[in-house]
Amino acid sequence: MRTHQRPLTTASPASATAALATIRNLGILAHVDAGKTTVTERILFATGAVHKRGEVHDGTTVTDFDPQERDRGITISAAAVSCAWGGHRLNLIDTPGHVDFSDEVERSLRVLDGAVAVFDAVAGVEPQSETVWRQADRHGVPRIAFVNKLDRAGADLDTAVASIRERLGTVPLVVQLPIGSEDGFTGVVDLLRMRALVWHTGSDTCETGPVPEPLREEAGRRRRALEEAVAELHPAALEEFCATAALTGHTLAAALRDLTLSGDGVVVLCGSAYRNRGVEPLLDAVLAYLPSPADVPAVRGLRAGSEQERAADPAEPFTALAFKVTATATGRLTYLRVYAGTARKGETVLDAGTGRTERIGRILRVQADRHEEMEEVTAGDIVAVVGLKNVRAGATLCAPSAPVVLEPPLVADPVVTVAVEARRSADVGRLSSALARLVVEDPSLVVRSDPETGQTVLSGMGELHLEVAVEKIRRGHGLDVAVGRPQVSYRETVVRGVTGLVYRHVKQDGGAGQFAHVVVDVEPWEEAGMEFGSTVVGGRVPPEYVRAVEAGCRDALAEGPLGGYPVTGLRVTLTDGATHSKDSSEMAFRAAGRFALREALRASAMELLEPVVEVAVTVPEDSVGGVLGDLAARRGKVSGSTSRAGTAVVTAAVPLAELFGYASGLRGRTRGRGTFTTRPAPAAPVPRSVAEAVLAAR
């Protein structure tokens with residue numbers, strides 16, 4: 001058998017002449033503990049970017065370099081690393097797998113061209129696996145799948161693949177067959193080239209040889225199934241399959257790439273990252289199936305109200321999106337995905353959103369918390385920049401002579417709130433500065449002052465998210481901070497609306513007055529937010545005043561009539577109105593819209609909504625009864641329960657307000673053997689007795 005050696009690492013600095021086809025911008029996506037950070041570490045080791053394998057349990061990984069990440073053993077913030085394989089530059093982003101940090105995944109997916117989705121061979125598709133998959137669907141990011149941990153007891157590739165098919169609604173195209181199972185897993189059969197890839201204990205190299213005799217029949221059967229599945233999805237492959245009753249390796253590989261790029265299928269590979277088995281074929285698959293910047297459509301943005309395209313070309317005007325900002329000991333780092341053009345160290349760029357110009361001090365090739373200086377960056381690359389003082393995540397940076405605004409990443413609304421205050425009055429100013437820096441680094445955090453209590457309030461995506469944020473303040477700034485009990489973000493919605501509500505806004509202060517007359521209907525709407533429409537005819541309300549009424553209605557959504565919570569789930573229709581030849585204005589109609597909707601909401605039947613999460617609790621089978629009783633006491637609605645190898649997984653929808661402190665309670669109830677994960681679910685009405693208590697406390 002011949003030995004497959006790792007390619008040598010190529011020089012890392014990019015240049016303006018670098019071929020776009022040799023760049024891959026990809027993310028590693030997974031549920032927490034599926035092994036994606038270990039996959040990233042093994043990729044860095046296989047490519048020669050590091051010379052010693054880092055381990056999550058030892059706190060020695062490259063990407064989880066934050067002290068809290070090493071203490072907790074999870075990824076908290078997306079980390080960018082760069083390496084080389086087969087003459088290609090790979091820019092990897094290791095994303096968090098915990099639901100509280102989904103916003104980090106969202107910002108990363110906005111700038112990535114492809115992704116590797118990592119699944120646990122025992123658990124298959126888990127709740128957060130499904131969440132990040134749907135996020136990637138929304139961004140149109142092509143993916144390949146890596147079924148990890150095949151060396152674990154109970155690992156089963158076929159079961160994991162079945163869960164991918166059933167829960168993700170995609171067509172898995174399995175291109176490998178495991179050699180051995182559980183602790184005896186030693187390698188894979190490559191179904192495209194019909195060869196065996198074996199990793200021996202204590203060796204970091206992969207040996208290539210013929211398919212083992214006991215697996216030849218099974219490998220032939222699976223190759224045939226792969227050909228048939230591809231032929232069903234790919235016209236050119238179907239034509240060849242009908243003509244020859246088979247597919248050549250070249251046709252199969254080309255079809256798999258087309259199906260990956262179109263999203264009609266997902267290539268599935270397998271291995272054990274911890275044992276360094278299956279990583280080299282995964283890297284080869286990244287190059288073979290995932291897109292380069294040249295394969296991705298030109299980015300679109302707005303310039304002076306009209307849509308513009310910027311192709312991935314170094315000669316185009318410079319265009320980049322800032323997707324992450326961090327503060328380090330060496331200064332403020334702004335992470336950029338460059339879509340077009342070239343930028344050099346010392347040049348001036350325009351923040352298209354604010355109109356401010358910024359100077360690029362240094363350009364860095366990022367290796368998590370280590371950096372390598374570059375003279376310039378060109379289209380298609382991902383780098384970090386030092387020297388941008390006011391740029392925030394989501395900002396578009398472009399050539400001052402060719403401004404354009406790209407669509408920023410979505411930022412989810414926070415769902416949990418805590419009050420924070422410095423224990424010493426002398427630290428109040430430092431706490432304000434620390435919170436301001438936190439918000440710049442993490443846009444999903446919101447800081448505000450409570451108008452009733454005067455307290456500083458910090459809002460985020462979950463209890464762990466806020467716990468991590470507060471710990472950053474304590475460790476990073478040396479502040480002693482007091483934290484209040486978490487509070488959830490309630491919403492108010494319309495159950496029964498009103499029709500024909502008339503509001504006349506008249507104001508006379510001695511000069512030009514204000515006059516606006518509106519008639520509105522309000523009704524429930526199934527979607528979040530507010531839908532606004534107008535049925536006014538005959539020009540009784542000009543279009544610019546209609547838009548002002550809509551703006552006023554949106555102003556009124558900030559506080560509902562029940563408890564002053566934001567209002568969602570309603571449709572507002574402007575049915576009639578009247579103007580005055582002199583006193584009507586956009587300001588007057590905006591005020592009329594705001595006051596009209598406030599009156600309409602007071603006249604409507606309203607109810608309180610609360611955030612709900614889907615919980616998956618994994619416990620020993622002998623603890624199921626106690627867990628079910630506890631979930632019922634927390635107002636949970638159990639949706640399912642499955643058992644496997646002495647372990648039960650209970651899924652339930654539980655109000656977020658009832659989950660505070662659940663981790664410690666579950667540990668006590670299961671003697672430390674129970675775990676749980678969550679993902680967001682649609683908000684639900686609050687029971688009357690609970691709502692009364694919430695509003696009374698308000």
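Buried, as I will use the word, means under 20% relative accessible area, with exposed over 50% and partly exposed in between, using a 1.4 Å probe and protein chains only. By that rule V50, at 8% relative accessibility, counts as buried.

Before I go on, some ground rules. This is a predicted model, so to speak of local features we need pLDDT of at least 70, side-chain atom pairs count only at pLDDT 80 or more, and totals for chains, interfaces and linings use all residues. Residues are numbered from 1 along each chain as its sequence is written, and side-chain values use heavy atoms, with hydrogens and water left out.

Now the chain as a whole. It has 16 helices and 40 strands. Both are DSSP runs, numbered from the N terminus: H or I with at least four residues for a helix, E with at least two for a strand. The radius of gyration is 28 Å, close to the 26 Å from the globule rule for 698 residues, so the chain is as compact as a globular protein of that length. That radius is taken over C-alpha atoms, and the rule is 2.2 Å times the number of residues to the power 0.38. Along the principal axes, the C-alpha atoms fill a box of roughly 95 × 65 × 65 Å.

Of the 698 residues, 52% count as buried. Contact here means heavy atoms within 4.5 Å. Among contacts in the chain with a separation of 6 or more, 72% come from residues 24 or more positions apart.

On the surface, the chain exposes about 29,900 Å², and carbon and sulfur atoms supply 50% of that. The areas come from the Shrake-Rupley method with a 1.4 Å probe; for residues, only the protein chains shown count as cover. As for charge, there are 77 positive and 88 negative side chains, and the centres of the two sets lie 3 Å apart. Lys and Arg count as positive, Asp and Glu as negative, and His and the chain ends are not counted. Each charge is placed at NZ of Lys, CZ of Arg, CG of Asp or CD of Glu.

Next, the interior. A nonpolar core is a set of buried Ala, Val, Leu, Ile, Met, Phe, Trp, Tyr and Cys residues joined through side-chain atoms within 4.5 Å. The largest such core has 43 residues, and V116, I144, V230 and L256 have the most contacts inside it. Which helix gives the largest share of this core? Helix α9, residues 279-289, with seven residues. A second, separate core has 40 residues, including I473, V613, V615 and L631.

Staying with α9, nine of its eleven residues are buried. Among them are L282, A285, V286 and Y289. Those four also turn up among the contacts of I144, once its neighbours within four places in sequence are left aside. The I144 list further includes A115, V116 and A117, as well as T260, V266, V267, L269 and L290.

Two residues stand out for backbone angle. Most residues other than glycine have a negative phi. K149 has a positive phi of about 65 degrees although it is not a glycine. K149 is in the loop between β6 (143-148) and α5 (157-168), and is partly exposed at 21% relative accessibility. A245 also has a positive phi of about 65 degrees without being a glycine. Its loop runs between α7 (235-244) and α8 (249-262), and A245 is partly exposed at 39%.

Finally, some loop positions. Back to V50, which lies in the loop between α1 (36-46) and α2 (67-72). V50 and A78 are 28 residues apart along the chain, with their C-alpha atoms separated by 19 Å.

P210 is in the loop between β11 (206-209) and α6 (216-233). Is P210 buried or exposed? Exposed, with a relative accessible area of 58%. Beyond neighbours within four places in sequence, P210 is in contact with A196 and R216.

S401 sits in the loop between β24 (396-398) and β25 (405-406), exposed at 64%. From S401 to V39 is 362 residues in sequence and 42 Å in space, C-alpha to C-alpha.

The last one is R635, in the loop between α14 (624-633) and β38 (637-644). R635 is partly exposed, at 23%. Not counting residues up to four places away in sequence, R635 touches E610, A653, P655, E658, P687 and V690. R635 and V188 are 447 residues apart in sequence and 47 Å apart in space, C-alpha to C-alpha.
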